[in-house]
Amino acid sequence: MPLAAYSTTGEIRLGKVFGDHLVDIASIDPDFPRTIKAFLETGEAARTAFERISEGDGTPIPLRDVTLHAPIPDPEKFLAIGLNYADHGAEANKLGMATPEYQIWFNKQVSCITGPFNNVVAPRVSEKVDYEGELAVVIGKACRNVPAAKAREVIGGYMVSNDVSARDWQFRTTTITLGKSFDTHGPTGPWLTLDSEIDDPHDLNLRTYVNGEERQHGHTGDLIHDIYEQIAYLSQVMTLKPGDILATGTPAGVGVARDPQVFLQPGDVVRVEIDGLGHIENTITAES
């Protein structure tokens with residue numbers, strides 16, 4: 001069962017999700033960590049306490065009555081890999097982008113993170129805001145130099161994400177961080193689904209819709225560099241920490257590669273859904 005950050009008034013609390021409702025964890029276990037990042041940092045004791053919570057332990061709160069927040073609003077790192085689906089790489093080739101020899105990683109500044117149903121702002125300085133539906137992996141244990149064969153041991157869970165991209169800013173320089181990091185351009189959620197809840201993270205369908213029209217349909221089994229290879233590669237360079245977010249790549253169908261190109265406009269609604277993880281849905285608004 002997923003772990004959600006939610007509120008009904010001003011205070012953000014943690015809830016365990018059961019179908020169409022959740023139960024408030026602090027009302028059941030006052031010693032439980034107060035954030036999902038702290039939950040991951042606490043380790044096995046917190047996971048055991050979470051598993052013990054059953055549906056009948058608390059008063060059910062309908063999901064329709066709560067606001068869901070970004071599960072981890074303050075990771076130390078928010079990293080994303082580029083051109084990691086073959087079909088997306090092929091459409092990028094048509095735009096003059098070469099197929100990479102190695103894994104290509106870039107930063108999304110953590111200030112871009114927003115909630116799963118919050119508005120995404122189209123900035124005044126960009127005319128080419130685009131979507132990239134992705135599976136996000138959340139690191140659960142501090143790790144360095146992890147072999148791919150052991151990488152799953154350090155995964156805390158999974159989320160749905162949208163690597164919103166200001167293409168005009170992205171393509172200005174070879175360092176694409178600015179085009180990936182505008183405020184609100186990192187919606188994640190709707191909650192954290194623990195690794196133990198997913199049989200195989202490489203057997204998930206991903207779909208992105210804009211105003212109800214399917215724009216992307218991918219399968220995580222088609223990743224060029226799978227999740228475990230990604231963790232092994234990154235952990236050669238840096239210590240990955242609990243709560244760090246890794247966006248694992250987007251399939252074909254992005255707006256910049258369409259003919260003619262189509263970019264997001266105020267009023268558009270972007271929905272990204274992944275098997276077993278739920279969905280996020282964000283309305284594009286103009287910067288005031």
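**Close-up 1. Polar contacts of the D163 side chain in the predicted model.** The side chains of D163 and K180 are joined by a polar contact of 2.7 Å or 2.9 Å: which of the two values applies? For K180 the value is 2.9 Å, whereas the polar contact between the side chains of D163 and K108 spans 2.7 Å. D163 thus has a polar contact with the side chain of K108 and with that of K180.

**Close-up 2. The surroundings of D163.** D163 is placed in the loop that connects β12 (155-162) with β13 (165-166). Is D163 buried or exposed? Its relative accessibility is 2%, and because buried means under 20%, D163 counts as buried. When residues up to four places away in sequence are not counted, D163 touches F106, K108, D130, Y131, E132, E134, K180 and H185.

**Close-up 3. An open sheet of 5 strands.** The strands follow the order β9-β19-β18-β15-β16, and their pairing is mixed. At the edges stand β9 (120-122) and β16 (213-219); each has a single partner strand, so one side of each is left without a neighbour in the sheet. On average, neighbouring strands of this sheet are turned by 20 degrees against each other, direction ignored. Strands of a sheet pair through backbone hydrogen bonds, in either a parallel or an antiparallel manner.

**Close-up 4. The pairing of β15 with β16.** Strand β15 comprises residues 205-210 and runs antiparallel to β16, to which 6 bridges join it. Which residue in β16 stands opposite T208? The residue opposite T208 is Q216.

Notes
Residues are numbered from 1 along each chain as its sequence is written. This is a predicted model: local features need pLDDT of at least 70, side-chain atom pairs count only at pLDDT 80 or more; totals for chains, interfaces and linings use all residues. Side-chain values use heavy atoms; hydrogens and water are left out. Helices (H or I, at least four residues) and strands (E, at least two) are DSSP runs, numbered from the N terminus. Buried means under 20% relative accessible area, exposed over 50%, partly exposed in between (1.4 Å probe, protein chains only). A polar contact is a pair of N or O atoms within 3.5 Å; within protein, one must be able to donate a hydrogen and the other to accept it, and residues adjacent in sequence count only if both atoms are side-chain atoms. Contact means heavy atoms within 4.5 Å. Two strands pair if DSSP finds at least two bridges between them. Axes are lines fitted to C-alpha atoms, for helices over the stretch in contact, and angles run from 0 to 180 degrees between N-to-C directions.
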